[in-house]
Amino acid sequence: MVKLYGSGVYLVNGTKIIEDNAEAAEALKAECGSTPVKEEAVKGTMAYKILEKHNTSGDMSNLNIKFDKLTSHDITFVGIIQTARASGLEKFPVPYVLTNCHNSLCAVGGTINEDDHMFGLSCAKKYGGMYVPPHQAVIHQFAREMLAGGGAMLLGSDSHTRYGALGTMAIGEGGPELVKQLLGRTYDIAMPGVVAVYLAGKPQKGVGPQDIALAIIGAVFANGYVNNKVMEFVGDGIANLSADYRIGIDVMTTETTCLSSIWVTDSEIKDFYEIHKRPSDYKELKPDNIAYYDGMVYVDLSKIKPMVAMPFHPSNVYTIDELNANLMDILDDVEKKALVSLDNNKIKFTLKDKVHNGKLYVEQGVIAGCAGGGFENICDAADILRGKNIGAGEFSLSVYPSSQPVFMELIKNGVIADIMATGATVRSAFCGPCFGAGDVPPNNGLSIRHSTRNFPNREGSKVTNGQIASVALMDARSIAATAANKGYLTSAMDIDVNFNKPKYFFDSTIYENRVYNGIGNPKPDTEIKFGPNIKDWPVMSALTDNMVLKVVSEIHDPVTTTDELIPSGETSSFRSNPLGLAEFTLSRKDPAYVGRAKAVQLAEKARTEGKPAKDIFAACPETEEVFKQVNSKFEAKPEETQIGSLIYAVKPGDGSAREQAASCQKVLGGFANIAKEYATKRYRSNLINWGMLPFLFEEEKLPFKNGDYIFIKDIKNTIINKEDVIKAYVVNNGMEEFDLKLGRLTDSERDIIVKGCLINYYRAQMQP
């Protein structure tokens with residue numbers, strides 16, 4: 001079904017796979033007539049060519065990328081623009097699209113959501129951007145329809161920024177990386193590895209794109225096979241997939257923790273651009289006759305069956321047949337895995353009570369967002385449901401077309417009527433079900449969703465309030481099959497159906513009539529509209545020579561998601577308010593974190609206000625003894641030493657690109673993370689851009705524990721001098737010495753950390 005190669009591979013003429021081993025030279029010579037040089041074959045990938053085109057450094061080992069376009073949604077663009085404004089923004093230098101698909105319902109906090117929307121519209125006018133009003137399109141569907149282009153690069157402040165199937169190399173990052181582009185700077189990264197994903201064969205009837213994606217995620221997530229690499233989709237099987245089908249696989253590549261993706265393009269993609277009235281944006285892409293990849297994921301499409309990702313991760317995958325055949329054993333395993341995420345809570349999680357007469361019953365189905373809300377997914381689901389009903393029991397089904405043009409065509413061709421006739425409801429374009437702001441299941445409920453993630457509590461339940469619900473990810477076709485079976489889990493391959501595959505017609509007048517397009521036409525005199533919830537970033541201090549940091553949270557889960565660092569759902573409404581949002585930091589993982597961090601922060605506030613040592617100690621009394629211990633070995637004046645907090649997590653940062661996972665810690669006085677490794681490049685970048693130190697400590701046994709203070713000596717000089725090892729001391733343990741590392745940092749990243757954050761970094765450059 002899915003095979004991972006243990007070495008690099010050469011791909012010859014797009015089809016012949018030759019492993020990079022002792023026999024490779026002979027095999028290449030037989031196939032090509034000569035033995036290619038690996039360093040040249042590396043340049044034969046599509047990814048290399050696109051990155052080379054956008055690199056401004058002149059050095060392909062260290063890239064400085066300038067993107068063609070940018071995009072953000074309404075829980076990221078306010079913070080981005082506020083950061084850019086504080087750093088000297090005058091106008092948007094590249095096309096920047098602001099969509100409104102997350103806080104669309106305006107259901108929390110009175111006016112604050114719509115205030116953010118009005119802020120976005122006024123900024124699009126002032127700085128020359130594009131504004132897509134609420135309910136028009138989810139961010140990634142609009143980008144597919146209106147922004148993607150062959151050979152282009154696009155940066156988005158959402159982790160599922162993936163348009164590789166359309167020939168666009170897109171990357172999802174935290175907001176500060178977009179700020180850099182808005183200020184004319186670059187995205188700096190070492191040349192990433194490139195892994196081929198070879199698709200062979202043709203999917204079986206009833207198998208959808210989510211099934212293929214989940215099979216791949218299950219094979220590569222845990223082992224980090226494509227972590228921070230580019231996934232390059234090749235192979236003869238691609239020709240057997242529609243554009244919508246490819247898009248459905250591609251958007252889920254984010255859940256592998258790869259950096260980006262790119263696909264071979266062909267007549268199917270050319271037709272996509274023609275349908276969307278942008279034929280000039282199509283570009284044929286394929287690897288050179290000889291291309292070298294750092295690895296290969298070989299996928300036999302014909303052998304993949306309908307899949308399900310059980311709670312609480314997209315990589316926790318089984319075939320639906322396997323789940324149904326081994327139901328109690330698998331549910332027992334799911335419960336054991338759930339303990340890792342729920343160990344700090346006194347809530348009993350079980351799905352075994354949903355087994356009715358040997359079958360798994362679910363309370364809810366959702367087909368939505370950038371992954372599930374596509375035209376073809378909904379049409380196929382309607383074919384399965386036509387003439388049936390979902391029943392009057394607990395099970396419900398909701399469908400969210402991904403854009404108004406998609407919605408309009410589904411109305412015209414009758415699909416919406418077919419779906420509604422079953423008892424299902426159809427909603428406007430909205431990302432809410434994907435992050436807990438819509439269709440929250442009942443307590444103890446299980447929801448099956450064609451969406452992107454099923455992390456703990458991401459569906460909207462609040463463990464700290466005694467609630468627990470969960471999500472299993474499935475393809476729209478099997479969700480429809482389950483709905484037709486009135487909530488009993490069913491594989492789409494078990495349904496006798498004829499898929500009609502109606503043709504799609506794109507109506508661009510919907511956008512022409514409603515979307516504000518000010519790209520290239522800034523209006524500087526426009527007054528920005530600020531609602532009362534929109535606040536400026538607080539002042540952040542520069543790095544000092546030494547640091548005293550208290551460990552205020554210790555997380556030993558194998559992976560910590562950004563949803564656990566800063567929850568989504570209704571908290572998203574406060575992302576325009578740094579201080580307000582920070583109150584929710586780690587609230588579902590370590591509720592005591594905020595209080596601990598704020599108690600230490602009082603000392604730093606006193607220090608930055610210029611107060612003497614006695615007042616610093618008075619603000620946080622335990623620091624007096626800490627400095628007494630530090631000064632028994634070194635000289636460190638509290639007035640000149642940054643005092644703050646840090647968290648330890650084994651592998652933090654999986655999931656969303658949200659910068660707030662880092663910035664909320666910084667707002668509360670957090671100055672560092674210590675981790676065994678970082679789950680994603682984007683989370684580590686968020687830490688750096690907010691002036692936080694991304695420390696590494698790779699040993700299993702920790703020299704410190706929660707509540708300990710750590711003294712870090714000469715940190716400023718260590719960073720400036722590019723030293724690899726940082727000396728740290730556990731104050732509470734007799735000043736026990738241990739070593740930390742920072743990993744690779746660019747010169748600008750070092751300067752950002754020294755200055756205290758990206759805003760300080762740019763302000764320093766603005767000063768005469």
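Two strands count as paired when DSSP finds at least two bridges between them. With that in mind, here are some notes on this predicted model.

1. **The sheet around β8 and β9.** Strand β8 (residues 153–156) clears that mark, being joined to β9 by 4 bridges, with the two strands running parallel. Within this pair, Leu155 stands opposite Ile171 in β9. Both strands belong to an open sheet of 6 strands, ordered β9-β8-β5-β6-β7-β25, with mixed pairing. At its edges are β9 (169–172) and β25 (516–517), each of which pairs on one side only.

2. **Helix α6.** If you are browsing for an enclosed helix, have a look at α6 (residues 139–146): 7 of its 8 residues are buried, so the rest of the structure largely encloses it. The buried residues are Ile139, His140, Gln141, Phe142, Ala143, Arg144 and Glu145. You will notice that charged residues, including Arg144 and Glu145, are in that list.

3. **Salt bridges in general.** The count for the model comes to 37 salt bridges. One group deserves a look as a unit: Glu376, Asp380, Asp475, Arg477 and Lys501 are linked in a network of salt bridges. Three individual pairs follow.

4. **Glu335 and Lys352.** In this salt bridge the closest N and O atoms are 4.0 Å apart, and the cut-off is 4 Å, so you may like to inspect the pair yourself. The bridge links distant parts of the chain, with Glu335 in helix α12 (residues 327–342) and Lys352 in the loop between α12 and β18 (355–356), 17 residues apart. Glu335 is buried, at 11% relative accessibility, whereas Lys352 is partly exposed, with a relative accessible area of 29%.

5. **Glu700 and Lys676.** Here the closest N and O atoms of the salt bridge are 2.1 Å apart. Glu700 sits in the loop between β31 (693–696) and β32 (709–712), and Lys676 in the loop between β30 (670–675) and α26 (681–689), so the pair ties together parts that are 24 residues apart in sequence. Glu700 is exposed, at 64% relative accessible area, while Lys676 is partly exposed, at 27%.

6. **Asp739 and Lys727.** These side chains meet in a salt bridge of 3.1 Å, N to O. Both partners are in strands: Asp739 belongs to β34 (residues 736–741) and Lys727 to β33 (residues 725–730), so the contact ties together parts 12 residues apart in sequence. Asp739 is partly exposed, with 37% relative accessible area, and Lys727 is also partly exposed, at 35%.

7. **A negative patch.** On the surface, Asp545, Glu635, Glu639 and Glu640 form a negative patch. One of them, Glu639, is found in the loop between α24 (622–630) and β28 (642–649). At 34% relative accessibility, Glu639 counts as partly exposed, and patch residues need over 30%.

8. **Gly531.** To finish, a loop residue: Gly531 lies between β25 and β26 (547–555). Is Gly531 buried or exposed? Its relative accessible area is 11%, so Gly531 is buried. For a sense of scale, Gly531 and Leu742 are 211 residues apart in sequence and 39 Å apart in space, C-alpha to C-alpha.

How values were computed. Residues are numbered from 1 along each chain as its sequence is written. This is a predicted model: local features need pLDDT of at least 70, side-chain atom pairs count only at pLDDT 80 or more; totals for chains, interfaces and linings use all residues. Side-chain values use heavy atoms; hydrogens and water are left out. Buried means under 20% relative accessible area, exposed over 50%, partly exposed in between (1.4 Å probe, protein chains only). Patches are made of residues with over 30% relative accessible area and no salt bridge: like charges are joined within 9 Å, nonpolar side chains (Val, Leu, Ile, Met, Phe, Trp, Tyr) within 5 Å. Accessible areas come from the Shrake-Rupley method with a 1.4 Å probe; for residues, only the protein chains shown count as cover. Lys and Arg count as positive and Asp and Glu as negative; His and the chain ends are not counted. The place of a charge is taken as NZ of Lys, CZ of Arg, CG of Asp or CD of Glu.
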